[in-house]
Amino acid sequence: MNVSDPEAKGDARLSDLAAEMERATGILPSVASVPLSIHTTMRVGGPADLYAPARDVSHLSSLVRFARRHEIPYLVLGRGSDLVVSDAGIRGLVILNRAEGARVEGTRLIAESGLPLASAATMTQEAGLTGLEFGLAVPGSVGGAVWANAGAHGSDIAAVLESATVLRADGTEALEPVSALGLGYRESRFKHSPGDLILGANFNLYPDDPAAIGSRLAEIRAWRREHQPLTRPSAGSIFRNPPGDSAGRLIDACGLRGSRLGGAAISEKHANFIVNMSEATAADVRSLAERARQAVSDEFGIELEYEVQFVGDWSGWSGR
Ligand SMILES: Cc1cc2nc3c(=O)[nH]c(=O)nc-3n(C[C@H](O)[C@H](O)[C@H](O)COP(=O)(O)OP(=O)(O)OC[C@H]3O[C@@H](n4cnc5c(N)ncnc54)[C@H](O)[C@@H]3O)c2cc1C
């Protein structure tokens, strides 16, 4: 059964599918009722056809296996901090990853993929392990951070990750070394093989004085407050930095800092952030981002690449 089929789109059909999912996985998904805006940091986006939270790794993998078996398109959502969901929402199944188990063993942190990276940072600080302090700046999950090779303050996931447990598209599960994950600047092989799911990650850290790690966390907290528009919803940096330059500097140089479209604005504090000022739509955010991308192309001949992902049904978006 494929919910992309026009015949399968009716509410009754979705309800049948939801009941079948409950029988197979023990989890009853919500049908077209949960706005994804509440699960994304940009606070925009319509509902998914089917929406199911996964409380642990076995829920996560059984929901994914169910979707694959029934050929239902699916998206695993971490903390929703690197994407913009369309106003029309997402066709298929959205699985909210809340598999947040974690433990410290010696100098390793062994984490499930739904653990917030900021929790990984504070948990390892308390255990006297250094290396994950930068994670305090990244409001994503461990899985989303591996997917993006998230980084900040001179470090990134690649610098501390030892291995990841992956549920591959062919249904096998494997512990893969970091060298197999294709990590680069905001890059991983997961961006190009969306069928692979990160179930967990093992980080190799170093012993250090908890008080010294704590003061580095305090510095990071203060830096973020000073430099990022944290009081408004956003999806972090909209564009990747082009080689040798910064997307924020280029957008600023086009005179766009503070400019608005509908409820969205280019942040006064950091021009590579688009913030939700009041009831922005996903279309406002994407159109404003396109305006900035076009302006930088016209002014400097540089084609900015998106760091955020636009997901869902954008067929009704006019492109401007
Ligand atoms: C205020 C703010 C500041 C930010 N600062 C930084 C920063 O300093 N550095 C930085 O790198 N990023 C930053 N970001 C961006 C974002 O937090 C990171 O990219 C983060 O790693 C995304 O994780 P997530 O769980 O939110 O992913 P989501 O947005 O939920 O998902 C993003 C993509 O990853 C996929 N995905 C999620 N989990 C899994 C999984 N378990 N297996 C396979 N695929 C998965 C999703 O399907 C989706 O395609 C910032 C964002 C905000 C809002």
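**Close-up views of a predicted model**

**View 1. The hairpin of β6 and β7.** Strands β6 and β7 form a hairpin in which two residues lie between them, and Gly 106 in the turn has a positive phi of about 60°. This is a predicted model, in which local features need pLDDT of at least 70 and side-chain atom pairs count only at pLDDT 80 or more, while totals for chains, interfaces and linings use all residues. Residues are numbered from 1 along each chain as its sequence is written. Helices (H or I, at least four residues) and strands (E, at least two) are DSSP runs, numbered from the N terminus. The two strands, β6 (residues 102-105) and β7 (residues 108-112), run antiparallel and are joined by four bridges; strands are said to pair if DSSP finds at least two bridges between them. Within this pairing, Glu 105 stands opposite Arg 108 in β7, and Ala 102 stands opposite Ala 111 in β7.

**View 2. The five-stranded sheet and helix α2.** The hairpin strands also belong to an open sheet of five strands, in the order β6-β7-β13-β11-β12, with antiparallel pairing. At the edges are β6 and β12 (173-177), each of which pairs on one side only. From one strand to the next the twist averages 15°. Helix α2 (residues 57-69) lies across β7, β11 (161-167) and β13, and runs at about 145° to β13; axes are lines fitted to C-alpha atoms, for helices over the stretch in contact, and angles run from 0 to 180 degrees between N-to-C directions. Two residues are in contact if their C-beta atoms, placed from the backbone, lie within 7 Å.

**View 3. The four-stranded sheet and helix α8.** Another open sheet has four strands in the order β15-β18-β17-β16, and here too the pairing is antiparallel. Because β15 and β16 (260-261) stand at the edges, each with a single partner strand, one side of each is left without a neighbour in the sheet. Strands β17 (residues 264-266) and β18 (residues 273-276) run antiparallel and are joined by three bridges, with Ala 264 standing opposite Asn 276 in β18. Helix α8 (residues 282-300) packs on this sheet, where it touches β16, β17 and β18, and its direction makes about 25° with that of β17.

**View 4. Helices α3 and α6.** The axes of helix α3 (residues 117-126) and helix α6 (residues 210-227) come within 8 Å and cross at roughly 155°. This makes α3 roughly antiparallel to α6, a term used for angles over 145 degrees, whereas those under 35 count as roughly parallel, 65 to 115 as roughly perpendicular and the rest as oblique. Ala 121, Gln 125 and Glu 126 in α3 meet Pro 210, Ile 213, Gly 214 and Leu 217 in α6.

**View 5. The shell around the ligand.** Of the 33 residues around the ligand, those that come nearest are Gly 78, Gly 140, Gly 143, Gly 144 and Gly 236; a residue counts as near a molecule or strand if its C-beta atom, placed from the backbone, lies within 6 Å of it. Two or more residues of the shell come from each of β3 (74-77), α4 (142-148), β9 (151-152), β13 (197-204) and β15 (234-237), and α4 gives the most, with five residues.
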